[in-house]
Amino acid sequence: MNNNGHLISMKNVTKVYKTGKIHVDALRGVDLDIGRGEFVAIIGPSGSGKSTLMNIMGCLDMPTTGEYHLDGRPVANMGIHQLSSIRNKKIGFIFQNFNLLAYATTFENVELPLIFAGKPGAYRKQRVMECLENVGLANWAEHKPTELSGGQMQRAAVARALANEPDIILADEPTGNLDSKSGGEIIDLFEQLNELGRSVVTITHDMNIAHRCHRIIRIMDGLIESEKHNGNGRDKNLTQD
Amino acid sequence: MLLAYKISLFLKLMVREFRAQKLRMALTVLAITWGTISITLLMAFSVGIERQMHKASSGMGQGIIVLWAGQTTMPFQGLPQGRRIMFRPEDQDLIKARVAGVDKISGEYMRWGVTIEYGKKQVSKLVSGVYPDFGEMRSHYPQPGGRFIDQFDFDSKRRAIFLGWKVAEEIFGTVDPVGKMVMVNGIPFTVVGVMVKKMQDSSYHGPDEDYGVIPASTFVGIFGDPYFDNFIYSVKPGVNTKTVEQDLFRVFGSKYRFDPKDTHALWFWDTVEQAEVTRKVFLGIKIFMWFIGGMTLVIAGVGVANIMYVAIRERTREIGTKMALGARKGHIILQFMTEAMFIALFGGFLGILFSLAITRAFWLIPMEGAMEFLGRPLVNWPVAIITVITLSTIGFLSGFFPARKAASINPVEALRYE
């Protein structure tokens with residue numbers, strides 16, 4: 001077990017995409033540790049590899065080479081069912097375009113991970129309502145995603161990510177499709193979750209959001225270019241972006 | 001307990017999925033239903049038409065041969081050619097005694113333009129004089145309450161007449177003819193029976209519905225014909241009709257002194273042989289029907305596959321989302337399979353139901369004119385079931401492999417699927 005107590009521990013992780021004869025080095029050797037209770041922003045230009053990094057973190061994709069330990073366990077050795085189980089219980093994933101099932105109600109969308117986890121009906125009902133209350137959507141449980149605003153949809157997605165009380169929330173540009181006010185509300189939510197002890201990693205283009213995180217990791221051409229700990233203040237180099 | 005719980009979870013997911021995919025599901029169900037109806041009906045009508053054709057071709061009689069006397073075309077034993085051969089009444093016993101292959105036989109006398117009268121109604125019809133075996137050979141079945149000419153009528157030369165149903169209708173209208181007295185060329189006859197309606201697509205003296213039959217003995221007594229117009233006979237089971245023909249040439253050749261190889265001396269109409277030809281023609285039609293059915297099946301299959309493929313993009317992204325939320329491959333595949341099964345069963349059920357309804361509806365149309373030859377369509381169950389299974393399998397496979405693939409690859413690829 002090599003995790004140094006970290007929730008996420010990556011050593012020299014690479015990812016090569018092969019499309020026919022074209023090889024794209026999306027990640028070229030990333031070393032990264034994220035501890036419990038951290039609130040991390042990943043920034044970088046388009047195509048720098050940040051989404052790839054996040055997908056690997058969330059067990060949606062596998063590294064080409066390198067080691068990735070999630071909560072002390074090597075992901076490379078896990079079978080397809082174990083990976084499903086990890087995605088279901090340990091990770092809450094939030095997408096830029098929400099990925100809510102359009103035909104299901106807000107309630108049913110949030111219920112989905114609980115169904116996959118095999119939780120009983122009474123528990124599901126109670127837990128879904130808890131999560132919806134946490135994100136302020138308790139009154140919208142029976143509405144379809146199409147009846148919600150963008151901010152509400154993303155809050156529903158946050159509620160869904162929280163359903164199985166995951167160790168870590170991974171968000172891939174969660175505010176990318178939202179106006180600044182709704183985006184701010186999502187980040188408020190993330191802060192609240194983080195204060196309750198949950199790790200949050202978010203990709204963002206928005207430096208205002210990045211600066212509300214504890215740590216900013218900047219990715220460039222498949223490598224970590226710089227890391228800054230925010231503390232309370234703002235890092236001048238990064239605000240120029 | 002755990003299983004029941006898992007099933008309830010699973011059903012919940014499925015119902016949700018169904019709601020989402022209403023249009024696509026409806027289209028797939030429709031494609032399977034339509035395909036099933038087309039093919040089932042095609043085959044149902046094929047069965048109906050075949051049966052009617054068989055019925056019609058056997059209307060004159062099943063497995064009978066009509067024998068006429070002809071004219072010699074070869075000189076024989078010093079006799080010239082061109083002699084007319086005429087069958088005498090005793091020839092019937094001669095054939096019975098000398099030609100072993102013959103089963104039933106009846107000579108037939110005919111007289112055209114015979115007046116049949118009842119009350120003020122008077123018609124002019126063909127009347128045949130025959131032996132009792134004639135009735136069964138020539139499918140002259142009596143309507144309830146009546147009978148055909150029997151041995152007693154024959155032996156006692158009774159003035160008994162059996163009528164075609166059309167003649168009976170013409171002169172009796174709605175009155176039951178059985179037991180009534182009619183005048184045949186001014187001589188009183190008792191109607192002993194009326195023929196049941198039947199289909200008849202061939203005859204050697206006009207349709208059977210339109211004539212009357214009396215005992216041969218009575219016929220000779222009244223009209224005094226010395227010669228039969230023809231014989232009707234059937235052969236014993238397993239006997240080749242050609243062998244019997246050769247025997248008849250031999251027997252009659254020696255009696256009437258003509259060359260047994262003189263093919264114009266005797267004429268045969270072999271309905272056994274003809275039935276075989278009809279059978280082959282219909283086999284050809286059937287092969288053609290099956291071919292069209294097969295083609296229809298392919299088209300319906302392509303339709304089903306097409307609908308499934310269209311949904312792949314949306315479906316794949318959704319599978320990606322579910323995988324990201326922690327769904328297992330099994331969740332996704334099982335759900336897909338249940339959906340496919342439901343579509344197949346529902347589509348197939350509807351298809352067969354509609355086919356049955358449509359064929360039944362055709363049964364309600366009176367069998368007249370062209371409908372008589374269309375007959376009663378009959379659903380061929382193996383065909384219907386094979387169609388449903390084939391279409392379902394195509395629908396299943398064309399959706400299953402993309403779904404399985406989407407559930408097997410990294411979720412991120414499914415999420416990115418365009």
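Two residues are in contact if their C-beta atoms, placed from the backbone, lie within 7 Å. With that in hand, the place where the two chains of this predicted model meet can be described. The contact draws 22 residues from chain A and 17 residues from chain B. On the side of chain A that touches chain B, helix 2 (80-89) and helix 3 (106-116) of chain A each supply at least two residues. Helix 2 of chain A gives the most to this side, with seven residues. By character, the residues on the chain A side divide into twelve nonpolar, six polar and four charged.

Confidence comes next. The model scores ipTM 0.87 and pTM 0.65. Chain B averages a pLDDT of 87, and 97% of the residues of chain B score at least 70. Within chain B, confidence is lowest in helix 1 (residues 2-20), where the mean is 68, and highest in strand 4 (residues 160-163) of chain B, at 96.

Chain A can now be taken as a whole. Its secondary structure comes to eight helices and ten strands. Of the 241 residues of chain A, 48% count as buried. Among contacts in chain A between residues at least 6 apart in sequence, 69% join residues at least 24 apart.

Helix 2 of chain A, already met at the contact with chain B, also has buried residues: A:Leu83, A:Ser84, A:Ile86, A:Arg87 and A:Asn88. These buried residues pack against strand 4, strand 6 (91-94) and helix 3 of chain A, together with helix 10 (312-324) of chain B.

Strand 4 of chain A leads to an open sheet. Four strands of chain A make up this sheet in the order 2-1-4-5, with antiparallel pairing. Strand 2 (22-34) and strand 5 (73-74) of chain A are the edge strands, each pairing on one side only. Strand 4 (residues 65-70) of chain A is joined to strand 5 of chain A by two bridges, and the two run antiparallel. On strand 5 of chain A, A:Pro74 is the bridge partner of A:His69.

Strand 6 of chain A leads to a parallel arrangement. Four bridges pair strand 6 of chain A with strand 7 of chain A in the parallel sense, and A:Ile94 has A:Ala171 of strand 7 as its bridge partner. Strand 7 (residues 168-172) of chain A is mostly covered, with five of its five residues buried. In a regular strand the side chains alternate between the two faces of the sheet. For strand 7 of chain A, A:Ile168, A:Leu170 and A:Asp172 lie on one side and A:Ile169 and A:Ala171 on the other, and both faces are covered. Strand 7 of chain A is also joined by five bridges to strand 8 (residues 199-203) of chain A, and these two run parallel. Here A:Ile168 has A:Ser199 of strand 8 as its bridge partner. Between these two strands the chain passes through helix 6 (residues 180-195) of chain A, in a β-α-β crossover that is right-handed.

Finally, the nonpolar interior. The largest nonpolar core has 109 residues, and those with the most contacts inside it are A:Ile42, A:Ile94, A:Ala157, A:Val158, A:Ala159, A:Ile169 and A:Leu170. Helix 2 (residues 22-57) of chain B provides the largest share of this core, ten residues. A second, separate core of 52 residues includes B:Tyr109, B:Val194, B:Tyr211 and B:Ile214.

Terms used:
Residues numbered from 1 in each chain as written. Chains lettered and ligands numbered in written order. Predicted model: local features only at pLDDT ≥ 70, side-chain atom pairs only at ≥ 80, totals over all residues. Nonpolar A, V, L, I, M, F, W, Y, C, P; charged D, E, K, R; others polar. Buried ≥ 20, exposed ≤ 12 C-beta atoms within 10 Å, placed from the backbone. pLDDT = per-residue confidence, 0-100. Pairing = 2+ DSSP bridges. Core = buried A, V, L, I, M, F, W, Y, C linked by C-beta atoms within 7 Å. Right-handed = clockwise from strand over helix to strand, strands pointing away.
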